[in-house]
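I am opening a fresh page for this model, and I want to write down what I look up in the order in which I look it up.

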Amino acid sequence: MISFLQQNAFWIITIVKIALLLFIVLTVNAYLTWFERKVVAHIQSRWGPHRVGPHGLLQPAADGLKFLFKEDPTPAGVDRFVYYLAPFLALMLSLTALAVIPFGPDPINVFGQKIYLWITNPDIGLLVLFAITALSVYGIALAGWASNSKYSLLGGLRSSAQMISYELALTMSVVGVLLMANTFSLQGIIEQQSNAKWGVGILGWNVLAWTRQGLMWPQIFGFICFFTSAIAETNRAPFDLPEAESELVAGFHTEYASFKFAMFFIAEYTAMITVSCLATILFFGGWLSPFPATSVWTFTHYIPSITLIPFGLWVIYDGIRYETIFGKLVLPAVGFAMFAIGAALLAGAWIAPLHTVNEFIQPVFWFTAKILVFLFFYVWARGTLPRLRYDQLMNVGWKVLLPVSIANVIVTAAIVLWRSHA
Amino acid sequence: MNPALLIFFVLAGLALLGAGSLVLQKHPIHSALSLIVVMVSLAGLYLLMGAEFVAMVQIIVYGGAIMVLFIFVIMLLNAGEEEHTDLSKLAKFAGLPLALALTASLAALVFKPDAGVPTAAHAFIPKATEQISSMLFKEFVYPFELTSFLILVAIMGALVLAQREKK
Amino acid sequence: MPTPILDILWIVPALPLLGAAINGLFGKNWPNKIVNTVALSATGLSFVAALEAVREFFEQGQKLVHKEFFDWIVAGSFRAGFDLQMDQLTVIMVLVVTGVGFLIHIYSTGYMSHEGGYYRFFSYLNLFMFFMLILVLAANYVLLFVGWEGVGLASYLLIGFYFLKKSASDAGKKAFIVNRIGDFGFMLGMFLLFKTFGTLDFTQLFAKAEPWSHESWGVFGTFTVACLLLFMGACGKSAQLPLYVWLPDAMEGPTPVSALIHAATMVTAGVYVVARSHILFSHSETAMVVVAIVGCATAFFAATIGLVQTDIKKVLAYSTVSQLGYMFLGCGVGAFGAGIFHLMTHAFFKALLFLAAGSVIHAMGGEQDMLHMGGLSKKIKVTYWTMLIATLAIAGFPPLAGFFSKDAILGAAFQIPGGHPLYAIGLLTALLTSFYMFRLIFLTFHGKQRYDEHHVHVHESPWTMLGPLVVLAILSVIGGWLAAPSFWGGEDHFAAFLAPIFGGAHAEGEAALSEAAAHQLELVLAGVAVFAALIGLATAFWLYLRQPGKPAEIAKSLKPIYTTLYNKYCVDEAYGAAIVKPLLSLSTNVLWKIIDVEAIDGTVNGIAHGATATGDVTRRTQSGNTRSYAVWVVVGALTILIIVFWPAIRAWAGGAQ
Amino acid sequence: MVPTHYYLVLSAVLFGLGAVAFVFKRNIITIFMSIELMLNAVNLAFVAFSQAFGKVEGQVFVLFVIVVAAAEAAVGLGIIILIQRNRQSLNIEKVNLLKL
C-alpha cells in the first residue's frame, strides 16, 4: 500500500493538487461574481445582492443551485455536436490554463514529498498559456455558430474577429518582458525580476525594471497594452461586444441556458483570474514582495496578519450589529476566524513553527494580493467604462495597441542589447 | 510497450481520425474542427519529440490563427453543407482511387525500417528553442526577413481582395 | 598659409556646377533675388578663383601646372583622369570665359528679369560655365571632350529655352545634330591619336608627337588624318563651312545666351582645340592649309551673307561666323597666337555687340528687324556709344582691340609663302565686315525712325544691363594694347606671353625678312587694313544715310545675287534636299516599313500566332473544373514518386515474385 | 523511443488523406483545409527528421512553412470571399469560367 503510494506519488500528488485547485478556483469564481456585483452596485450606488445570507454572501451558492436545477432546453435546428461541444471547450481550456501558473516558490514537505505550489511548470509555460488563449476562441465562436441564431452568430463572428485581432497585441506586448527574462518559464520570469536595484523589490518588477545592471526599459507600456488586450481577449467590458446585451441580447450565449451557460460564465471568470495571474507574474514580480529583503524590513512579513486582524475585528463588530440572527451568528464567527489566523501569524514572531508558516505564506500572500488588485481593476473597468463601438474596437486593436507594443519591443530590445554590451 | 510509444499511437490515431473525418464530414465547420483535432494532436507529437517550441507555435498559429480564420470565413459566408455534384467525370471515376494509390504508395515507400534514417539516437535536442531562435537570426536571417515581407504582401493582398470597391 | 588655389584648381569649374545644382534643384519657387545671388556668386567666385589661380601661375614663373585629381577611366594602358592643367593658353581662355561670363550673368539678371523659367535659365547658364571651364582646363582630350559635349548640351538647352516656340526647339535640335557630325570626327580623331600615341594626355601626347617627321603637302599620314578629323569637330563647334548652318538659327535663344555661348566662348572652343593641338597641326602642312582655306572661305562667305540680313541678331551671328573664320585663318597660317589673340578681342567686342543688340531689342520691346528701327541714337545713348565702340573695334580701327588682332592675322597670312590670296580675301572680308557693321549701326541708330511711337516707347535699359556694356566697351578699347608696342618697334607682349606654348609659330613667317623690313611691312599692312575699313564705313554711310533709296535699287539691279545672299545661298535647303530628305525616306521606307514592320514585328507576331495555334489545340485539356486539375496534380505526384523510387519499387517487385 | 519511420509513415498517410480530400471535396474552403492538412503532414516529417538527426534546421523549416501557410490562408480566404460574393456558390465545380 505504502509502496504503491511511494511509487506513484507523483500522479497522486498531481491529481490531488488538481482537485484542490479546481475547488479553490471554482469557489473564487463564485465569490468573484458576488464581488463584482457588489462593486458594480456600489459604483452605481445600489446595494447589490444582500438578501441571501449576510451581505448576500450566499448569493453565489444560490446562483449555483439555480443553474443546476434550471431546465436545459436545446433550441431547434442547432448543430447538436458543436452546440454541446462549445461550452465544454470554453470551460476546459480556461481551466487548463491554470495548470501552468506557479502560485509560490518553495515547496511544502509532506511525507518527504516536495509539493510545489503549481501543477506543472514547463519551460514554455508562457507559450502554453498563449496556446490555450489562442484556442479559447473556439468555445465562443462555435457556440455562436452552432446556436442557429442571428444574435449568436453575430456574437461569434465578433468575438472571433476581436480575439484574433487582440491576440497579436497581447503576444507582442509580452515580448519585451521575454527579452529581459530570456526564458518562457513563468517561474524564471518571476525570479529574473528579483534582482532589483539596491534590493528594493518593487524596483525590480518589470513595470519599473530597475535592475542591478541599471535601469532597463520600464514595461509600463507593455503592461498597459497587455492588460487592455487581455480584457478584450476575455471579452470583458468595455470590450464585451460578443455579448453586448443592448445589441445582441446576450451574444454568443443567447441560446444557452442553465449549466451550459454557467460553463461559459465560469470560463469567463477563470480567464479573468488567469489573466490577473499572468499580469502579476509578467509585470509585477509575481510572488515577490515589494520591500527589500534585508533583516531591517522583516516587519513587512507581518503585513498579512496586520491586515487580517483589524479586518476580522471589523467583521465581528459589523456582525454584531447585523439585522438577521443568521448574520449575528455567522459574521462574528468568520471575523473571529480571521482574527485568530492573523493573531497566530503575528505570534510567529515568537513561536518557531508559526514563524515558518508565516514565512511560507509571504509569497502566496503577495501573489494573491496582486491578483485581487487586478480583479478589482476588471470590475472597476466594467463598472465605469462604456462599451466601444465595433470600428473603434478594431481601431484600438490594430492602430494603437499593436504599434505601441511593437515600438515597446524595439526599444526594449535596443536597451537590453546596450546593457548587455555596456 | 513504453509510454512514449503508447502516447504516439494515441495521438497518431487521433490525427488519422481527424484527417479521416475531414474527408468524410459534409459540413465545412465539422471538417475544420476535425482539422483542428489533427493539428492539436500533431502538436502533441511534436512535444513527444521534444520540439516544444514548434508544438506551441503549431497550436498558436495554426490552431489559434489560421483555423480561426477559416471558421470565421465559414461563419461569415454562412457556408452550408457542400452539394454533392459530379461535373468532373475525371474526378468522379479516377480521382479517389488515384489519391488512395498515392497515399498507399507513399506510406509503403516510407515504411522501411532499414531506410537510412537513424531512429532518434538522442532523446531530445538540448535547448532546441534557443538554437532555433539563434538560427533564425543568423543562418536563416534573409529567409526570415523575406517571410516578414511575404506576410506584409499577403495582408495587403487580402485587404485589396476582400474590400468592396467604392462606387 | 592657405592652400594655393592651383592645388584645388577644380574649385574653378566646381563653383558654377554648384550654382547650377542649387538653382536647378531648389530654385523653382525662389524669388529672382535669391536665384541671382546664387548664380552670380557662383560665377563671380569662380572668376575670383580664376584670377587668384592666374596670379599664382605668374608667381611660380609661368610654368605649366598639371594636377591629377582622380582617375576617371582606367582601362589597360589607357588612363583618362580628371586632370586639370594651366598654362598661358589656359590663362587667357579661363579669364575670358569667367570674366565675360560673369559680366553676361550680370547683364542677364536685367535682361531676363521679366521672363518665365528664370531659375532654369541661370541654372543652365551656370552649367554652361562649368562645362566650358572643364573644356579649357582639361589636361587630356577625353576630359576636354566632356566639356565639349557639355557645352553642346548647355547650348542646346539654352537655344531651346523658349521650348514652347517651335522654331526655338527646332533650332536647338539643329545645333545639336550638326554638332554630332563634328563630334563624330572629333572622336575618330581622338581614337586615332590614342591608337598612334597610346595616350590622350596633352603633355605626354605632344611630347611623343614632337620628334615625328613633318608631313608635307598632299601626304595623308597619321597627323593629317587626325588633325583633319579634329578640325571636323572644330568646324562643327565653331560653325565653319560646311557645318556653320546651326549658328544663325541658334539666335533663337535669349540674347545673353547668344552673347555668351554663340559669340564669346563656346563657338571659339574649336579655335581653342586647334590651338591646343597646334603641335599636331604644325606637323601636317595639308591640315594647316585646309584650316586656313576653310577659315578664310568661311570668313568671306559669312560676311557676304551678313551684308543683306535685316535681323539685327542674324547680322551679328553671321559676323561671328566670319570672325571665327578669321581665327581659323590665323591658326591655319601658323599664327596660333594671333588666332587666340583675335579670339580674346572678339570675345570682348562681339559679346558687347550682342549685349548692346539685346539692349536695343529690349528698348524696342522685342523688335529685331533693323528696318523697323532707326534714329535710336538719341534715345538710348549708352547703348549707342558702347555699340559704336564695339563696331569700330570689329571693323578694325586703331587703336581698338580688333585692329591689332585682325592685323596680326592678316600680317601672318601675308607673310607665309603663297599666302597672298588668303590675305586678299581676308582684306576684302575686313572691308565687308566694316560695311555691314556700320550698316547695322546706321540702320539702327541713325536715319529717320521707322517704327511708330505709339506702339513701342523706346527706353534705356537698367544699369544691370548697361554696366556690363560699359565694362566690355572699355575692354574692347584697351583689349589689344598688349600687342601695341610692336608698332613702334617694341615686342608684341601678347605673342611673347604665348610664345612658350606656340614657340616661334608666329615668328616663322617673319624669319624670312629682317627686323626692320618686317616692321615696315607691318605698318603698311596695318595701313591697308585701316583703309579697307574706312572704305566699308564710307560705303555704308553713303548708302544708308546719304540716299537711303539706293540699297533697294541696287538690290533690284543685282536681283540674282541679292536673292542668293538673302537666302543665305540656300544652304539649308540644299542640306535638306541632299541629306535630310534621303535619310527620312530611308528610315521610313527601309528601316520602318521593311525592317521594323516586316522583320521584327513579323517575327514577334509569328511567334504569337504560333502560340495561339498550339493553345487552340492544348486548351481542350482545360475543362475549367478544378477538381479535374486536382486529379492531374495527383497523377503528376504519382509519376514523380514512381520515377524517383523506381529502383526501390523494382527491387520490391522482384522480391514479390 | 518511437522509431522515426513511424512518424514518417504517419505523415505520409496524413499527406495522402490530404490529397484524397483535395480531389474528393467540392467545397473550396474544405479543399483549402486539405491543403493545410498536407502542409501539416510535411511539417511532421520535418520535425521527425530534425529529431532523428539531432539538428534543429528541420524545426526552423517548419516555422517557415507555418508562416507561408498563414500568408496563403489570408490571401486564399480573401479570394474565397470574393468568389462567394461574385458567384454565390462555394462549390468548386461551379467556379469554372477558366475554360473554352
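The entries below go from whole chains to helices, then to single residues, and end with the contacts between chains.

**Entry 1: the model and two of its chains**

I note before anything else that this is a predicted model, and I keep that in mind for each entry.

I began with chain A, where I found 15 helices and four strands. Chain A has 422 residues, and 44% of them count as buried. I then looked at contacts in chain A between residues at least 6 apart in sequence, and found that 72% of these join residues at least 24 apart.

I turned next to chain C, which has 27 helices and two strands. Of its 657 residues, 50% count as buried. For the contacts in chain C with a separation of 6 or more, I wrote down that 80% are between residues 24 or more positions apart.

**Entry 2: one helix of chain C**

I picked helix H14 of chain C, residues 312–332, and followed it from end to end. This helix has 21 residues, and the distance from its first C-alpha to its last is 30 Å, close to the 30 Å expected at 1.5 Å a residue.

Is H14(C) buried or exposed? I found that 21 of its 21 residues are buried, so H14(C) is largely enclosed by the rest of the structure. After the helix comes C:Gly334, and its phi is positive, near 90 degrees.

**Entry 3: two helices that pack**

I reminded myself that two packed helices are described by the angle between their axes and the distance between the axes. In chain C, I looked at helix H3 (residues 88–111) and helix H19 (residues 463–478), which pack at an angle of about 150 degrees with their axes 7 Å apart. Because of that angle, H3(C) is roughly antiparallel to H19(C), the cut-off for this being over 145 degrees. I also recorded that the crossing of H3(C) and H19(C) is left-handed.

Which residues of the two helices meet? On the side of H3(C) I listed C:Leu103, C:Ile104, C:Ile106, C:Tyr107, C:Thr109, C:Gly110 and C:Tyr111, and on the side of H19(C) I listed C:Thr464, C:Met465, C:Gly467, C:Pro468, C:Val471 and C:Leu472. When I sorted the residues of this contact by class, I had nine nonpolar, four polar and no charged.

**Entry 4: backbone angles to look at twice**

I first recalled that most residues other than glycine have a negative phi, and most peptide bonds are trans.

With that in mind I went to A:His55, which is not a glycine and yet has a positive phi of about 55 degrees. I located A:His55 in the loop between helix H2 (9–43) and helix H3 (59–69) of chain A. Around A:His55 I noted 19 other C-beta atoms within 10 Å, and it is partly exposed, because the cut-off for a buried residue is 20 or more.

I then went to A:Asn235, another residue other than glycine with a positive phi, here near 55 degrees. A:Asn235 sits in the loop between helix H9 (220–233) and helix H10 (245–248) of chain A. With 26 C-beta neighbours inside 10 Å, A:Asn235 counts as buried.

In chain C, I found a cis peptide bond between C:Leu241 and C:Pro242, with omega about 0 degrees. The proline, C:Pro242, is in the loop between helix H8 (222–238) and helix H9 (246–249) of chain C.

**Entry 5: where chains touch**

I looked up chain B against chain D, and found 78 residues of chain B in contact with 62 residues of chain D. Which helix of chain B gives the most to this side? I found that H3(B) does, with 11 residues. By class, the side of chain B that touches chain D has 62 nonpolar, 13 polar and three charged residues.

For a single residue of chain B I chose B:Ile151, which lies in helix H6 of that chain. B:Ile151 is partly exposed, with 15 other C-beta atoms within 10 Å. Leaving aside its neighbours within four places in sequence, I found B:Ile151 in contact with D:Val67, D:Ala70 and D:Ala71.

My last look was at chain C against chain B, where the contact takes 13 residues from each of the two chains. On the side of chain C, helix H26 (residues 626–644) gives the most, with nine residues. This side of chain C has nine nonpolar, three polar and one charged residues by class.

Note on methods
Residues are numbered from 1 along each chain as its sequence is written. Chains are lettered from A and ligands numbered from 1 in the order in which they are written. This is a predicted model: local features need pLDDT of at least 70, side-chain atom pairs count only at pLDDT 80 or more; totals for chains, interfaces and linings use all residues. Two residues are in contact if their C-beta atoms, placed from the backbone, lie within 7 Å. Ala, Val, Leu, Ile, Met, Phe, Trp, Tyr, Cys and Pro count as nonpolar, Asp, Glu, Lys and Arg as charged, and the others, Gly among them, as polar. Axes are lines fitted to C-alpha atoms, for helices over the stretch in contact, and angles run from 0 to 180 degrees between N-to-C directions. Angles under 35 degrees count as roughly parallel, over 145 as roughly antiparallel, 65 to 115 as roughly perpendicular and the rest as oblique. A crossing is left-handed if the near helix is turned anticlockwise from the far one by less than a right angle, and right-handed if clockwise. A residue is buried if 20 or more other C-beta atoms lie within 10 Å of its own, exposed if 12 or fewer, and partly exposed in between; C-beta atoms are placed from the backbone. The expected span of a helix is 1.5 Å times one less than its number of residues.
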